[in-house]
Structures are given as C-alpha cells and as structure tokens.
Amino acid sequence: MASRSHRRSLRKRRTVLVSTAAVAAAGLGAAVLAMNANANPVVDLAHQVLPAKDGWAASGTGTTGGAKADSAHVFTVSTRAQLVKALGSATNSTAKIIKIKGTIDANTDDTGKKLTCADYAAGTGYSLAAYLKAYDPATYGKKAPAGTQEKARDAAKQKQSKNIVFRVPANTTIVGVPGTKAGITGGSLLVTGVDNVIIRNLTLSATEDCFPQWDPKDGSTGNWNSAYDSVTLRGATHVWADHNTFSDAPFFDKAEKTYFGREYQIHDGALDITNGSDLVTVERNQFTNHDKTMLIGSSDTDSVGKLRVSIHHNVWKGITQRAPLARIGQIHIYNNVYETATLNGYVPQYSINSRAKAQVVAENNAWIVPAGAKIAKLLSGDGTGSIAGGGNLVNGKVTDLVATYNAANSKKLKTTVNWKPTLTAGLETSAKNLVTELTATVGTGILS
C-alpha cells in the first residue's frame, strides 16, 4: 500500500490535472493544459502522446500523432495560409507537428483578407432570394432542389469548402500554443481515411455554412442542412481530441432566420465520428452553445466492428442534443459533466442517444439539471441500443437513468452490452467530485 504522503501527492497531482477542464467549462477561451503540482511547465505539449490505456485510441499501436517529427516538420502557424502549407498533402504521412499560435480565421484568403459569404457566392449566380423563390414548397412541391439555383448554391458551397476545410494527414499533431488564445474560427478540420492524429488545446468556434441546402423530405416539414463540423472524422483511426473548446459563438442558433417554416441552420456538428472511424479518445474538452453536437456512426448501417470511442472528463454545457448520439459501436462514456439548463437559446432535448444496436457503457457521470426537469429525457434511443453502467449522479444523487427512461418510454433501452471496458486509465469510480473538478474556476496550476 502506498504511504500516506505518497497518496497525498497523487491526490494533489490528480487535482491539478483534472482541473484543467475548468477553464474551458468556465468559458474562458481555449482549453488549457496542466502543469505539475509545483506549477512549473514540464510537459512538451506538442510531443506528448496519448497515455497507455487512455481509452480506445490507446488500443494497439496507440496514438502518437506527430511526436516522431524531425525539426524540419515542426511548424508554428498563425494564419490560414500558413496552416494550409504546414498541413501539406493529405496523403503525405510524414510525421509533423503544427503549433497554432493565436486564432486563425478560416474565412480569409492567402493574403489575410477577410472573406464573406458574398465573396464565395460571387460569380456563381447564387442568391438566397432567388433560391427561396425557386424552391418554395408552395409552388415547387416537395421535390429535391434541382436546376439553376441549386447548381449555383453548390458552386458557391465548393468555393467556401475549398477555403475553410483543412484536411489533416496521418501522423499529425495539431496543438494550440498556450497563452495565445489558440484556435480556429470558421474552419473545419477533416480527418478522413488516415491513422494517428492528435488535436488538442484549441478553441474551435463559429464553423458556419454560408449555403445550407433545403431538403423538403428531411422530417415531416423539411429542413435546412449545413455541411461542416468543427472536426470531422471519416474512416479515421487512432485519434485523440484533448482539451479543446467547441462552440457556435459568437452567432447562436436563436438568431437564425426562418425560411419555409424551418430554421435556416448554418451549424452542423461539433465533433462527428463517422464512416467507420475507430479507436478514438475524446477527453477533457468543453462542448457548449451547440445543437447537434457529436454523432458516432453516419447511419444505422455504418461499419459493424468499428466506431469504438471513449468519451471522458468532458463538460457539456448549453447542448441541445447528441452528447453523443451513438450507433453500432462500443462507446465508453465516463466521468463527464452535463449541465442541462438552457443557455443562449439552446434548449436541451437529451444528452445520450443509443440506437442502431449501439453498445454504450455510461458510468460515473454527473448531471446538473434545473428544478422540475424530467430525468427521463436525459437519455434517448430507438429500442435497439444498449446503455449499461452505473454510478451516474443527477444533482448529486445516484440515479438509474436507464430505468427512469424505460419507465417513461415504450421503446426501451437495453441494459446489457457485449463488451467490457478495459482501457480505462483515469477512470474515477465516483462522480461525486466531478462538478467541482471540471467546472470550478481555477487559477494556479494552469497553462492559459
């Protein structure tokens, strides 16, 4: 057994580490990383790798990102053009480290000039007024948009996409430089078909689609659908997302206009894990001010045997839904804090959705819910998904969330899964202190 002094040292070290999410939870900008117990910076963030057994991304070869990069492949960037150059070809798997210093505006050209939606539309023939006139369901019906204005919308979309989507190659670490308000605004990091990527210590905000598409067959009344997540994983493996802040700020959905009776939605996901992505660890991030936040599995028939994701020590605040929505895979959700009060117009619908035979283990999480809120609405499902696990707290009280949900719904969540989490480094067996650890404002011991 460890000595009393050694146990005190471990507790002190753990407190410093877990408190790093507090700055993000308090809404103080880019998430930040911890120092040691003496408040001396000892960690080279750019070369740090995912610790052993820290979630699914530690499986097999683990996740090292660009840790093996030579000096010629370590870049510090502050502009969109510099970021594009540093990323290079999406097929070049040479190990690289990209340090982002300050906030990069994705909606700028190679000279740094600010670009607007009008700039992307220029020369395409697209205008929102013409699009609305062409595809008004009252005259056009419920057919999918086709013809001149839809082609023009797509052309404008392609111009924006070329500018704001950053394809991340294999063996890459993208990390924010502490103390610089590091992040990307208006951009989308796309990790597709590659292995071994680390994204950490960034604020990823205001990812907006200038040209949402009208889909009259989405739901009973149609919907406007946008195209870009702040981070998208498609067929990606061994990805570690750590100490990031995701937010729609400064433009929130409540300010959206309404066309055809539906919100003109310019935001898509925050962090979506789809198309057979696998072996992903998402930890110590803040997700705030967003609607459809995290999707695991692109459809109810996504890749069986993949979509293995660990989600731990994150703060979810001002989230409407999908925290996450899980399909098919084996998903471990532990030691997260969910604050479910309405924030900036984002009205909570549910936190965790298990569907399409998803095998979710949700344990030792903490929910803070307003007085009178219905606990049965914290979960959701289609009757085929499972949620196992216990030790979940609601306002400090241990609560069987699945039993509460099942008592109120005809499509029951299953309570057993076909796997047992083993990659659980950092798992706290009680959620009792999570709210304090992850949401309290912390001063010393933080790299800001």
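Author: Two strands pair if DSSP finds at least two bridges between them; strands (E, at least two residues) and helices (H or I, at least four) are DSSP runs, numbered from the N terminus. The model is predicted: local features need pLDDT of at least 70, side-chain atom pairs count only at pLDDT 80 or more, and totals for chains, interfaces and linings use all residues. Residues are numbered from 1 along each chain as its sequence is written, and side-chain values use heavy atoms, with hydrogens and water left out.

Reader: In what order do the strands of the open sheet of 10 strands run?

Author: The pairing in this open sheet is mixed. Its 10 strands have the order 4-7-10-15-20-23-26-29-32-33.

Reader: Which strands stand at the edges of the sheet?

Author: Each edge strand has a single partner strand, so one side of each is left without a neighbour in the sheet. The two in that position are strand 4 (103–105) and strand 33 (397–398).

Reader: Which residue in strand 7 stands opposite Asp 105?

Author: Strand 4 pairs with strand 7 (residues 183–185) in the parallel sense, over three bridges. Opposite Asp 105, in strand 7, is Thr 185.

Reader: How far apart are the end C-alpha atoms of helix 7?

Author: Helix 7 covers residues 148–164, which is 17 residues. The expected span is 1.5 Å times one less than the number of residues, which gives 24 Å for helix 7. The model agrees with this, since the end C-alpha atoms are separated by 25 Å.

Reader: How wide is the arc that the buried residues of helix 7 cover?

Author: The buried residues (under 20% relative accessible area, 1.4 Å probe, protein chains only) are Gln 149, Glu 150, Ala 152, Arg 153, Ala 156, Gln 160, Asn 163 and Ile 164. They lie on the same side of helix 7, because the arc around the axis, taken from the directions to the C-beta atoms, is only 160 degrees.

Reader: Which residues on the other side of helix 7 are exposed?

Author: Exposed means over 50% relative accessible area, with partly exposed in between. On that other side, the exposed residues are Thr 148, Lys 151 and Lys 162.

Reader: How many residues are in the other core, apart from the largest nonpolar core?

Author: A nonpolar core is a set of buried Ala, Val, Leu, Ile, Met, Phe, Trp, Tyr and Cys residues joined through side-chain atoms within 4.5 Å. The largest has 82 residues, and Val 191 and Phe 287 are among those touching the most other members. Apart from it lies another core, which includes Val 337 and Leu 434 and has seven residues.

Reader: What share of the protein counts as buried?

Author: The protein has nine helices and 34 strands. Of its 448 residues, the buried share is 53%.
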